[in-house]
Amino acid sequence: MHDSPGPRLRPIVIRGARTHNLKSVDLTIAPRRLTVVTGVSGSGKSSLAFDTIYAEGQRRYVESLSAYARQFLERMERPDVDSVEGMPPAIAIRQKNSIRNPRSTVGTTTETHDYLRLLFARVGRTVCRQCGTDVARASRDESQDSRTGAQGPEDEAPELDLLEPPPPADPVAAAIDVLRRKGFARLLVDGQALGFDDVDPAALADRTSLEVIVDRIRVDAEVRPRLTDAIEVAYLEGGGQAFAIELGAGEDGGPLRHVFSERFECRRCGIVYEVPQPRLFSFNNPFGACPTCHGFGNVMELDMGLVVPDPTKT
């Protein structure tokens with residue numbers, strides 16, 4: 001079944017345009033095409049584009065509104081023309097010399113760029129510059145939905161990093177003592193779950209982080225509240241990072257590791273990216289401007305080869 005074609009657009013037909021310098025000009029403008037009007041100064045380009053085509057389109061649009069709405073809109077005089085056919089509502093962007101900012105563009109002058117910045121910040125995709133995958137946060141709900149769909153017999157949700165700096169004497173033993181006071185009981189060491197009493201702190205002295213088991217869960221229909229609590233604790237203690245191990249789900253029948261992160265980073269490469277926000281897409285804002293040209297598009301610098309063309313001379 002094919003979609004029915006849309007309405008056929010008619011061309012704009014102008015006959016006998018005499019506004020300002022125009023001398024009974026006849027013109028036909030094709031729809032959905034870019035039409036450029038060129039000519040020397042005083043030839044009537046603006047008279048045709050602004051004072052004839054735009055003026056008639058704006059006048060017809062305003063007249064289609066109610067009397068109450070028309071009192072708030074600017075009404076333009078009917079242009080000196082014999083006939084205008086196929087004229088839709090028109091929008092005109094005039095060139096103004098009152099803007100002194102060299103960064104100004106058509107987008108910033110018409111405020112269209114403000115809407116584009118909001119659009120890019122909300123629906124834009126961030127792609128990792130190294131592996132090309134989409135960068136996104138793993139929220140608690142996403143992590144929970146991902147794990148509740150697993151079929152493994154046991155899920156372990158270890159945690160990363162320590163928030164409290166241990167004393168320099170025995171940092172691993174001090175870290176384990178901190179974890180014990182927080183209510184944790186096991187570490188994941190080389191893929192094995194070990195109780196704190198079975199861990200040799202000297203064997204972990206060269207590690208920068210400890211993998212702490214927050215909970216061990218068998219997936220079933222009643223696991224969701226407990227899984228939610230485990231994920232929240234893991235994210236809280238790990239600074240927004242956590243992972244889970246699904247037993248027997250690997251390709252070789254071994255454990256399968258799932259990595260989650262609330263940070264805006266690539267999970268595969270570990271590269272942290274800036275969270276999209278409107279100011280990031282504004283070249284007028286130092287936050288989003290190019291650090292080299294500062295949003296101007298060019299760089300002013302000295303060419304020492306031109307300053308000193310002959311370095312052999314004093």
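Thr-52 is found in helix 1 of this predicted model. At 1% relative accessibility, Thr-52 counts as buried, because buried means under 20% relative accessible area. The Thr-52 side chain makes two polar links. One is a polar contact with the side chain of Thr-19, at 3.3 Å. The other runs to the backbone oxygen of Ser-47, which the Thr-52 side chain reaches at 2.8 Å. With neighbours within four places in sequence left aside, the contacts of Thr-52 are Ile-14, Ala-17, Thr-19, Leu-22, Ser-47 and Pro-79. Thr-19 and Ser-47 therefore appear both in this contact set and as polar partners of the Thr-52 side chain, a residue that is buried at 1% relative accessibility.

Arg-59 is also found in helix 1. Its relative accessibility is 13%, so Arg-59 counts as buried under the 20% limit. The side chains of Arg-59 and Glu-63 are joined by a polar contact of 3.0 Å. Beyond neighbours within four places in sequence, Arg-59 is in contact with Met-76, Glu-77 and Arg-78.

Helix 1 also takes part in the largest pocket. This helix, residues 45–63, gives the most to the pocket lining, with 7 residues. The volume of the pocket is about 920 Å³. Its lining holds 28 residues. Ile-29, Thr-35, Ala-49, Ile-53 and Ile-91 lie nearest the centre of the pocket. By residue class, the lining divides into 20 nonpolar, 4 polar and 4 charged residues.

The loop between strand 1 (12–17) and strand 2 (25–29) was examined next. His-20 lies in this loop, and so does Ser-24. Most residues other than glycine have a negative phi. His-20 has a positive phi, near 55°. Ser-24, not a glycine either, has a positive phi of about 55°. The accessibility of each residue was also computed. His-20 has 56% relative accessibility and therefore counts as exposed, the cut-off being over 50%. Ser-24 has a relative accessible area of 45%, so Ser-24 is partly exposed.

The largest nonpolar core contains 23 residues. Ile-176, Leu-179, Phe-184, Leu-187, Phe-196, Leu-204 and Leu-210 touch the most other members. Several helices and strands build this core. At least two residues each come from helix 6 (171–181), strand 7 (186–189), strand 9 (212–217), helix 7 (224–237) and strand 10 (241–246). Helix 7 supplies the largest share of the core, 5 residues. A second core, separate from this one, has 10 residues. Its members include Ala-17, Ile-29, Val-81 and Met-87. Two of these residues recur elsewhere in the model. Ala-17 is in contact with Thr-52, and Ile-29 is one of the residues nearest the centre of the largest pocket.

Across the whole chain, there are 8 helices and 11 strands. The chain has 314 residues, and buried residues make up 30% of them. Contacts between residues at least 6 apart in sequence were also counted by separation. Of these contacts, 59% join residues at least 24 apart.

Note on methods
Residues numbered from 1 in each chain as written. Predicted model: local features only at pLDDT ≥ 70, side-chain atom pairs only at ≥ 80, totals over all residues. Heavy atoms only, no water. 1 Å grid on protein atoms, 1.4 Å probe; cavity = no way out; pocket = protein on both sides within 12 Å on 5 of 7 lines; lining within 4 Å. Points joined across faces, edges and corners; volume = space filled by probe spheres on them. Helix = DSSP H or I, 4+ residues; strand = E, 2+ residues; numbered from the N terminus. Nonpolar A, V, L, I, M, F, W, Y, C, P; charged D, E, K, R; others polar. Buried < 20%, exposed > 50% of the residue type's maximum accessible area, 1.4 Å probe, protein only. Polar contact = N/O pair within 3.5 Å; in protein donor to acceptor, adjacent residues only side chain to side chain. Contact = heavy atoms within 4.5 Å. Core = buried A, V, L, I, M, F, W, Y, C linked by side-chain atoms within 4.5 Å.
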